[in-house]
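Subject: The structure, and what turned up in it

Hi,

Here is the structure to look through. Have it open while you read, and my notes follow below.

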Amino acid sequence: MKHFLRVLSQFLVFLYCKCLWRGLKFVIRKVTGRCELQRICYNNKPGARRTLKIESSLRSSKHEILQSAINSHPDSVEKTIDDIMALKKINPDTNPQLGISLQACLLQIVGYRNLVVEVEKLRREPYDCENPVHEEMLMKLWKELCPDSPLSGRISKQWCEIGFQGNDPKTDFRGMGLLGLYNLLYFAEHDKATALQVLHDSLQPKHRGVSREEASKMSKAEWEKKKFDKAIGYSFAIVGINITELAYSLLLSGALKTHLYNVAPEMPNVAHFQQTFCYLMQEFHRFWIEEDPSDIMEFNRVRTKFYKRVLKQLKKPDMALCPHFTASDLHLVTL
């Protein structure tokens, strides 16, 4: 019986999408004198709310011109808009604003798709210690984060001071490739004060108060462990690479469309992605302290909880996650 009801419900949904909804759109157009694209543009302000609806409308259209519009090359967006206006029999002279609005939406859609390609390319590029550009970036990261501490050598235990796991950072970039280094360096260069503060905090051990009664029941070793642990401390660079993976996942899933469509007037680019990373690093640091984990072993739990919180925010079409730093004139806003 349950199986029958499930099949029936699926059939009704299919019938609604394929027949009733198309019929309803036809009636609405006759009554209003506007096609769906016009109604979306005129009834929604610029940003994710409008662009997401335009993207959905184009993707679900039965016309090949509309379906293929979301895969247009940036240079052909203007021609694509002309083709759409002609298909919908809309006079651009009497509807000039529609063409402008559609073009802005399509540039955002195409830009997001290209951004995914660019970010994926960086993620797939492995760190190469034989590449002078890669090495220069790594050395620059050290100088930005530790300006008063000269590096003793390319292979050094000093790398642990900024949160790498061993003597050679190249092994830590395997998961996210060059993307992790790009993001860390961008954070250190464009929001240096915050990056240095987060690094400083990550190195600080956390003191826990222990009463005399508790101390009397513990051995010396247990008391020291209880009194002095490193719950607040974490590996700055490793966490940065991990947050890079989190940002990458949000981008790949499409969840970041809400944010990027709200903050990028036209085509989102790598700089927008890196600014988002900086915001996520700052927010994760605050969240980590708020969660007050007992030790670093709780990292995955805290990260998962943080990811869910960000995902929940991004489900609001008017929400923009914006970093507070000099590289951006954006603010945390609800449009």
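Where is Lys-89 found? Lys-89 sits in the loop between helix 5 (77-87) and helix 6 (96-124). A quick word on names: helices (H or I, at least four residues) and strands (E, at least two) are DSSP runs, numbered from the N terminus.

Before going on, two notes on the background. This is a predicted model, where local features need pLDDT of at least 70, side-chain atom pairs count only at pLDDT 80 or more, and totals for chains, interfaces and linings use all residues. Residues are numbered from 1 along each chain as its sequence is written, and side-chain values use heavy atoms, with hydrogens and water left out.

**Two odd backbone angles**

Back to Lys-89: its phi is positive, about 55 degrees, although Lys-89 is not a glycine. Most residues other than glycine have a negative phi. Lys-89 is also exposed, with a relative accessible area of 78%. (Buried means under 20% relative accessible area, exposed over 50%, and partly exposed in between, with a 1.4 Å probe and protein chains only.)

Asp-292 is not a glycine either, and has a positive phi of about 50 degrees. You'll find Asp-292 in the loop between helix 14 (270-291) and helix 15 (299-314). With a relative accessible area of 36%, Asp-292 is partly exposed.

**The whole chain**

Zooming out, the chain has 15 helices and 4 strands. Of its 335 residues, 43% are buried. If you take the contacts (heavy atoms within 4.5 Å) with a separation of 6 or more, 65% are between residues 24 or more positions apart. About 18500 Å² of the chain is exposed, and carbon and sulfur atoms supply 56% of that. Those areas come from the Shrake-Rupley method with a 1.4 Å probe; for residues, only the protein chains shown count as cover.

**Helix 3**

Now try helix 3 (residues 48-59). Its 12 residues should span 16 Å at 1.5 Å a residue, and the end C-alpha atoms are indeed 16 Å apart. (The expected span is 1.5 Å times one less than the number of residues.) The buried residues in helix 3 are Ala-48, Arg-50, Thr-51, Ile-54, Glu-55, Ser-57 and Leu-58. Their cover includes helix 2 (36-43), helix 4 (64-69), helix 5, helix 6 and helix 13 (257-263).

**Thr-80 and Ser-72**

Which side chain does the side chain of Ser-72 make a polar contact with? The partner is Thr-80, at 3.2 Å. A polar contact is a pair of N or O atoms within 3.5 Å; within protein, one must be able to donate a hydrogen and the other to accept it, and residues adjacent in sequence count only if both atoms are side-chain atoms.

Thr-80 is in helix 5, while Ser-72 is in the loop between helix 4 and helix 5. Thr-80 is buried, with a relative accessible area of 10%, and Ser-72 is buried too, at 8%. A polar atom of the Thr-80 side chain also lies 2.9 Å from the backbone oxygen of Ser-76.

Leaving out residues up to four places away in sequence, Thr-80 touches Ala-69, Ser-72 and Leu-106. On that basis Ser-72 is in contact with Thr-80, Leu-106, Val-110 and Arg-113.

**Helices 7 and 8**

Last stop: helix 7 (residues 132-145) and helix 8 (residues 178-190) pack at an angle of about 35 degrees, with axes 9 Å apart. The axes are lines fitted to C-alpha atoms, for helices over the stretch in contact, and angles run from 0 to 180 degrees between N-to-C directions.

One residue to click on in helix 7 is His-134. His-134 counts as buried, at 3% relative accessibility. The C-alpha atoms of His-134 and Leu-178 are 8.1 Å apart, though the two residues are 44 residues apart along the chain. Beyond four places in sequence, the residues His-134 touches include Tyr-127, Leu-178 and Leu-181.

Why is helix 8 described as largely enclosed by the rest of the structure? Because 10 of its 13 residues are buried. Among them are Leu-178, Gly-180, Asn-183 and Phe-187. The buried residues of helix 8 pack against helix 6, helix 7, helix 9 (192-202), helix 12 (236-253) and helix 14.

Happy exploring!
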